[in-house]
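Open the structure in your viewer and keep the sequence panel beside it. This tour goes from stop to stop, with a selection to make at each one.

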Amino acid sequence: MAVATSHVEAHITHVDKDGPLIKVYAQIDKVNYCIIEKLLYQLRGVFDNNSDLKPKTSSDIQVGLVCFAKFEDDTYYRAKIESIQNVRQYMVSVIFIDHGNKAEVHVTDIRLMSKIMNMFANKKLQDILLLPGLANEYYLYGITTKDKEWDDSSLDYLRKRLCNNDLKCTVYENELGRIIRIVQEDKDPSAYMTKMSKACNIPLHIQESLIRQLHSRKATSLPEFNVTLPPPQVLMQQPPPARLPNMTQPPPGIRMVSDVNSFSGGQSSSLSRGYPTINSSIRPGIPGMTVRRPEIPAVPPPTVQSLQFSTDMLAMGVLHPVFVSHVEDGPYSFAVQLKDTVTNILTDMMVNINKLEPQPITSPLNPGSICLGRYSVDKILCRAIVMNVMDDKVKLYFADFGNSEILPYSEIFQIPPQFVVPKVMSHRFTLANLKDIHYTDQEKQLFKNLVANSQSLTLCVTQPEANPIKQYCELFINCKNIKTILYEMSQTQPMQLRYSPLTPPIMGSQEKVFVSFVLNPGRFFVQIEKNSFSLNQIMSCVATHCRTAQNLPLVNMRIGEPCCALYEDNKWYRAEILKVTHEKAFINFVDYGNQEEIDFQNLRQITPELVTSVKAQALICCLKGYETRYHVDEEVSNRFEELILEKKMMMHVLDMTENNVLIVQILDNKMQDIGAMLEVRTAQ
């Protein structure tokens, strides 16, 4: 089964269908997205005016070739050739690798990557253009069409609902593809589609099976052509045909009004309001997160000077006194400012910026442009970078504090040149060595509370880990590692992720049940038979998950922690921790009712999906007449166990105690009263 491996903020660029499933294309790396789009804009004159960049023979047009293709907005984007079946008609099928949408493009609208590489022998520029495509491909979690394929109206609805939005998501990985789940319920279209009978919900393991079927059906070969194309001047006289009707979703609009010689980019984040502002005597602050901007080489033509911010990386292995200016995702993503920079540069610069009479923007704004933006919470002007341009608003990234905000044009102003010179003053980080640690939302809030307004923070930059785009660090409060503080505090905090108890049957009702565990007639557990399908499903998912699941970290060894536990039958079950000793944990198997002592090595991490998708199935019961019998003879208990354990019974609910224990009558398959049989046997 797919395992939730990351929590991301994704910018949705395109939605398409794949048989009964929905494919979603999203950008996670917003920094490189801004850099690439600005670079392509700078190259527009080269693309338009240099005929040598066009393909001339069939050897220039190959399936899988990465190139530049003109979309119907007359802008060139990075693309990959997917099909050359119509090359004799001078048409090729491409996918725009930074956005995910497809189109048929005339060969005269193709520009060859190899020739651009030869034209500009600049390694940094080449490295940027050769970055992998930024449109990550996912399947939308948990829904499928009720028909063989999605209809156009459903696709249109999904595109309008999702595209060009920044959404918080969870990503599930498996061997055949990634599945993305939208965490924000108000943004997830699944419920509406299901309500309108356009879709139906499916469990994760069923969706994986459908993905497997889709992959097995897809053809693996493409035809090749050995065609000599007419000379370029002939092709130039032939206009490109109309685009295909199902390929009209454009990449996000990119329009620039001046050429640039360097680049900067921003990353989206949600605003946090619990930090001091410019009125603080310690430091001005707008919560947010920062971006690490690599130094990008300028493209020689055309040469028009423009203003851009620059940034420095923090030295590795050195303790840096810092403020945390924004927490985006707890220990996984936050932004810091150097104390010295805040004291010596930032405070004075903010005062001087806000003394000026702001000048309105007089020309169109474009991604990567720099400006001043008035932060809506404190009404102060801050240095900013344009992230996205909408009809009447602009999304800005506040470069010195790390947050982003959508503002109307009336709150955006020109930046005087003297305020461009100071380097960007926020730096984005992730705590180091978090691979085996899962922080809950409550623990992320603890992290945020710890660092907010703290005057005793020091940071040490560590070696890069899995994601080379991120910077990793150890963070200390009063010389104590914040991960240690989080662990100690979490032990005293109630669990946020818990199994939901099964709703008990109402008094007077009868239910077919399976008896899963017996301690004595006054305490035994049953499973409702009509829920057996859900239980079997979750058991299958647990077994699949535990084949690759990580051991439960010591930081999560605490009372109430959900997990997976290996029982003596060598099977994995859902469990929760009741008590922790030196090397073992006393746990409760929530779907069966028995409690066991388990070695740490036989406990595994569990995903939120496995905890929340199916309620705990074990219901605690007491046989009628044993409510106040606190000491039951062992022989009676053994006889009772022989009569009902792991057997299907009919349960009649008579009452319920204050502790939610069901007082029941149990009948066997011959409708004989087990309580009466037990009394008869005891009397004998």
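Two strands count as paired if DSSP finds at least two bridges between them. Keep that in mind for the strand stops below. Note too that this is a predicted model.

**Whole chain**

Select the protein chain. It has 15 helices and 33 strands. Of its 684 residues, 53% count as buried. Next, think about contacts between residues at least 6 apart in sequence: 70% of them join residues at least 24 apart. Show the surface. The accessible surface comes to about 31,400 Å², and 51% of that belongs to carbon and sulfur atoms.

**Strand β21 and its two partners**

Select residues 457–461, which form strand β21. Is β21 largely enclosed or not, and why? Of its 5 residues, 4 are buried, so β21 is largely enclosed by the rest of the structure.

Add residues 319–327, strand β13. β13 pairs with β21 in the antiparallel sense, over 4 bridges. Pick valine 322 and look across to β21: its bridge partner there is leucine 457.

Now add residues 472–477, strand β22. The pairing of β21 with β22 is antiparallel as well, over 5 bridges. Which residue of β22 is the bridge partner of leucine 457? Isoleucine 477. Leucine 457 thus has a bridge partner in β13, valine 322, and another in β22, isoleucine 477.

**The sheet β6-β5-β4-β3-β7**

Move to an open sheet of 5 strands with antiparallel pairing; its order is β6-β5-β4-β3-β7. Color the edges: β6 (102–106) and β7 (110–112). Each has a single partner strand, so one side of each is left without a neighbour in the sheet. Turn the view along the sheet. Neighbouring strands are turned by 50° against each other on average, direction ignored.

Zoom in on β4 (residues 76–83) and β5 (residues 91–96). They pair in the antiparallel sense over 4 bridges. Show serine 83: opposite it in β5 stands serine 93.

Then add helix α1, residues 30–42. This helix packs on the sheet and touches β3 (66–70) and β4. The direction of α1 makes about 100° with that of β4.

**The sheet β18-β17-β16-β15-β19**

Next comes an open sheet of 5 strands, again with antiparallel pairing, in the order β18-β17-β16-β15-β19. Its edge strands are β18 (404–408) and β19 (412–413), and each pairs on one side only.

Select β16 (residues 380–389) with β17 (residues 393–398). Their antiparallel pairing runs over 5 bridges. Asparagine 388 stands opposite lysine 395 in β17.

Which helix lies across β15 (370–375) and β16? Helix α9, residues 339–355, running at about 85° to β16.

**Cysteines**

Finish with the cysteine sulfurs. A disulfide is a covalent bond between the sulfur atoms of two cysteines. How many disulfides does the structure hold? The count is 0. The cut-off is a sulfur pair within 2.5 Å.

Pick cysteine 563. Its closest cysteine sulfur is in cysteine 564, 6.8 Å away, too far for a bond. Cysteine 563 is buried, with a relative accessible area of 0%.

Pick cysteine 622 last. The closest cysteine sulfur to its own is in cysteine 621, at 8.8 Å, so this pair is too far apart for a bond. Cysteine 622 also counts as buried, at 4% relative accessibility.

Key: Residues numbered from 1 in each chain as written. Predicted model: local features only at pLDDT ≥ 70, side-chain atom pairs only at ≥ 80, totals over all residues. Heavy atoms only, no water. Buried < 20%, exposed > 50% of the residue type's maximum accessible area, 1.4 Å probe, protein only. Helix = DSSP H or I, 4+ residues; strand = E, 2+ residues; numbered from the N terminus. Axes fitted to C-alpha atoms, helices over the stretch in contact; angles between N-to-C directions. Contact = heavy atoms within 4.5 Å. Areas by Shrake-Rupley, 256 points an atom, 1.4 Å probe, with all protein chains shown as cover.
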